[in-house]
Amino acid sequence: MLKEIGILIGKEITLEWRQKYALNGILLYVVSAVFITYLSVGAKMGNLAIPTWNALYWIIILFSAVNAVAKSFVQEHTGRQLYYYMIASPEAIILSKMIYNTGLTLILALLGYGVFSVILGNPVEDQGLFLLNLVLGAMGFSASLTMVSGIAAKAGNNATLMAILSFPVIIPILLMAIRISKNALDGLDWSVSTDKLLSLLAINAIVAAAGYILFPYLWRS
């Protein structure tokens, strides 16, 4: 299975590299969203309230992740899916897409963090906690959105269905990530955020496990 996962991740990277317009469009979305935020709120560097900075950052990252992960199964036409069905296990397919989407979402989150720091200032006191939170948040967004993308693809690529199904799963991850990043912004001790980090890790594990168990039944349909 590890070999299958490695090959499938390589395939995802190759397809993304051939379709640079998709990745470039998402990156442009992140940069333009931050710049529009700067123009809208009239915030100069260091002139934005910390809770507002935190909320705006995670809202932009959430919508960037949705745009990036939504095409996971949409771009796979029927013939290619049938080919995958014959050469790879469904477990390898869902894990490869989750891993790839986690990396892509993390890149978007780091890019957004860099753009936010340049345009709106960087009020983060604990960089280590904030970056760890970014990794866990990217994992949670990717695992849940990848599974929902597979369901929406089987239902005729219904974007409305994806939004409805992902909402109850994404909200707990988003709220937990916002609370942890607020502690990092305030420079609080790691012990204050330990229970929240464990809760976020547990949510990610549950979502990934559910996708791993349920996706084979969806794939056979």
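Biologist: Happy to look at this predicted model with you! Leaving aside neighbours within four places in sequence, which residues is Phe141 in contact with?
Modeller: Phe141 is in contact with Trp58, Ile61, Leu62, Ala65, Ile170, Ile173 and Leu174. These count as contacts because heavy atoms lie within 4.5 Å.

Biologist: What makes the set around Phe141 a nonpolar core?
Modeller: A nonpolar core takes buried residues of kinds such as Phe, Trp, Tyr and Leu, joined through side-chain atoms within 4.5 Å. The largest one has 36 residues, and Phe141 is among those that touch the most other members, along with Trp53, Tyr57, Trp58, Phe116, Phe130 and Leu145. Helices H2, H3, H5, H6, H7 and H8 each give two or more residues, and the largest share, 9 residues, comes from H7. A second, separate core of 17 residues includes Phe73, Met98, Val207 and Trp219.

Biologist: How do you know that residues 131–153 are helical?
Modeller: The chain there is 100% helix and 0% strand, with end C-alpha atoms 32 Å apart. The unreviewed UniProt entry annotates 131–153 as a "transmembrane region".

Biologist: Why is the lining of the largest pocket called mostly nonpolar?
Modeller: Ala, Val and Phe count as nonpolar, so Phe63, Val66, Ala163 and Phe167 fall in that class, whereas Ser166 is polar. By class, the lining has 10 nonpolar, 1 polar and no charged residues. H7 gives the most, with 7 residues, and the pocket holds about 230 Å³ of space.

Biologist: What makes up the polar part of the second largest pocket's lining?
Modeller: Ser144 and Gly211 line that pocket, and Gly counts as polar, so they are the 2 polar residues beside 9 nonpolar ones. H6 gives the most to this lining, with 5 residues.

Note on methods:
Residues are numbered from 1 along each chain as its sequence is written. This is a predicted model: local features need pLDDT of at least 70, side-chain atom pairs count only at pLDDT 80 or more; totals for chains, interfaces and linings use all residues. Side-chain values use heavy atoms; hydrogens and water are left out. Buried means under 20% relative accessible area, exposed over 50%, partly exposed in between (1.4 Å probe, protein chains only). Helices (H or I, at least four residues) and strands (E, at least two) are DSSP runs, numbered from the N terminus. UniProt positions are given in the numbering used here, feature names are shortened, and annotations may be inferred rather than shown by experiment. On a 1 Å grid over the protein atoms alone, a cavity is a set of points where a 1.4 Å probe fits but cannot get out, and a pocket is an open set with protein on both sides within 12 Å along at least five of seven lines; lining residues have an atom within 4 Å of a point. Grid points are joined across faces, edges and corners, and a volume is the space filled by probe spheres set on the points.
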